[in-house]
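Grab a pencil and work through a few short exercises on the structure below. Each one sets a task and then walks through a solution.

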Amino acid sequence: QVRLVESGGGSVQAGGSLTLSCLVSETSRYVFSVSTMAWFRQAPGKEREGVAVFGRDGSRTYSDSVKGRFTISKDNAKNTLNLQMDSLKPEDTAMYYCAKTRISILGESWSETERYNDWGQGTQVTVSL
């Protein structure tokens, strides 16, 4: 049973930075290397939304709300997905989740939650003024 465990969340003031990590265990490095990995977030009372995706081909796509501020990266040697978050804003406050799928996802469908088979439990990010 594959496990995804997020870490790195916390409280930060607006303009600050955080780095989230997602460790994927109970899966081989090969499987991890050919998986599509993504970060989602969910604020209270809102739907879960896609933040960034690292495609099987190494492509990286971001939501408009985080483009230019967040950077997604993948360390295949450590089975880890990272999200560097800079210039954080109060509206970035949410629970952040990593997600995994073995399939290639084309176009804007990367942000559809049903495309992903495996999810972590989430890590909370709170940004204050």
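## Exercise 1: Rings that meet

F40, Y116 and W119 form one aromatic cluster. Keep in mind that this is a predicted model.

**Task.** Work out how the rings of F40 and Y116 are arranged: which class does the pair belong to?

**Solution.**
- Step 1: Start with the general idea. A pair of aromatic rings is described by the distance of the centres and the angle of the planes.
- Step 2: Searching the whole structure turns up three aromatic pairs. For F40 and Y116, the ring centres are 5.2 Å apart and the planes sit at 80 degrees.
- Step 3: Compare with the cut-offs: centres must lie within 6.5 Å, and planes over 60 degrees apart count as edge-to-face. The F40 and Y116 pair is therefore edge-to-face.
- Step 4: Now find the two residues along the chain. F40 is in strand β4 (residues 36-42), while Y116 is in the loop between β9 (94-101) and β10 (118-119), and 76 residues separate them. Both F40 and Y116 are buried.

## Exercise 2: Charges over rings

**Task.** Find out which residue lies over the face of Y97, and which one lies over the face of F32.

**Solution.**
- Step 1: Look at Y97. R48 lies over its face, 3.7 Å from the ring centre.
- Step 2: Look at F32. Here the residue over the face is K74, at 4.7 Å from the ring centre.

## Exercise 3: Pairing up opposite charges

**Task.** Take three salt bridges, R41 with D92, K67 with D64 and D118 with K100. For each, decide whether the partners are buried or exposed.

**Solution.**
- Step 1: A reminder helps here. Side chains of opposite charge can pair when their charged atoms come close. The structure holds six salt bridges.
- Step 2: R41 and D92 meet at 2.9 Å, N to O. This pair links distant parts of the chain, with R41 in strand β4 and D92 in the loop between β8 and β9, 51 residues apart. Both are buried.
- Step 3: Follow R41 and D92 a little further, and you find them in a network of salt bridges that also includes E49 and R69.
- Step 4: K67 and D64 meet at 3.2 Å, N to O. Both of these residues are exposed.
- Step 5: D118 and K100 meet at 3.9 Å, N to O. D118 lies in strand β10 and K100 in strand β9, so this salt bridge ties together parts 18 residues apart in sequence. D118 and K100 are both buried.

## Exercise 4: Around strand β3

**Task.** Describe strand β3: which residues make up its covered face, and how does it pair with β1 and β8?

**Solution.**
- Step 1: Strand β3 covers residues 18-25. L18, L20, C22 and V24 are on its covered face, with T19, S21, L23 and S25 on the uncovered one.
- Step 2: β3 pairs with strand β1 (residues 3-7) in the antiparallel sense, over five bridges. In this pairing, R3 has S25 as its bridge partner.
- Step 3: β3 also pairs with β8 in the antiparallel sense, this time over six bridges. There, T19 stands opposite Q84.
- Step 4: Side chains join in too, as S21 and N82 share a polar contact of 2.9 Å. N82 is in strand β8 (residues 80-85).

## Exercise 5: Three residues, buried or exposed?

**Task.** Sort N82, E26 and S35 into buried or exposed, and look at what each one touches.

**Solution.**
- Step 1: The cut-offs are under 20% relative accessible area for buried and over 50% for exposed.
- Step 2: N82 has 18%, so it is buried. Leaving out neighbours within four places in sequence, its contacts include L20, W39 and T71.
- Step 3: E26 comes in at 61%, so it counts as exposed. E26 lies in the loop between β3 and α1 (29-33) and touches Q1, V2 and R3, not counting residues up to four places away in sequence.
- Step 4: S35 has 0%, so it is buried. S35 sits in the loop between α1 and β4, and a polar atom of its side chain is 2.6 Å from the backbone oxygen of V31. Beyond four places in sequence, S35 touches residues including F54, R56 and K74.

Methods: Residues numbered from 1 in each chain as written. Predicted model: local features only at pLDDT ≥ 70, side-chain atom pairs only at ≥ 80, totals over all residues. Heavy atoms only, no water. Phe/Tyr/Trp six-rings, centres within 6.5 Å; stacked < 30°, edge-to-face > 60°. Helix = DSSP H or I, 4+ residues; strand = E, 2+ residues; numbered from the N terminus. Buried < 20%, exposed > 50% of the residue type's maximum accessible area, 1.4 Å probe, protein only. Lys NZ or Arg CZ within 6 Å of the ring centre and 35° of its normal. Polar contact = N/O pair within 3.5 Å; in protein donor to acceptor, adjacent residues only side chain to side chain. Contact = heavy atoms within 4.5 Å. Salt bridge = Lys/Arg side-chain N within 4 Å of Asp/Glu carboxyl O. Pairing = 2+ DSSP bridges.
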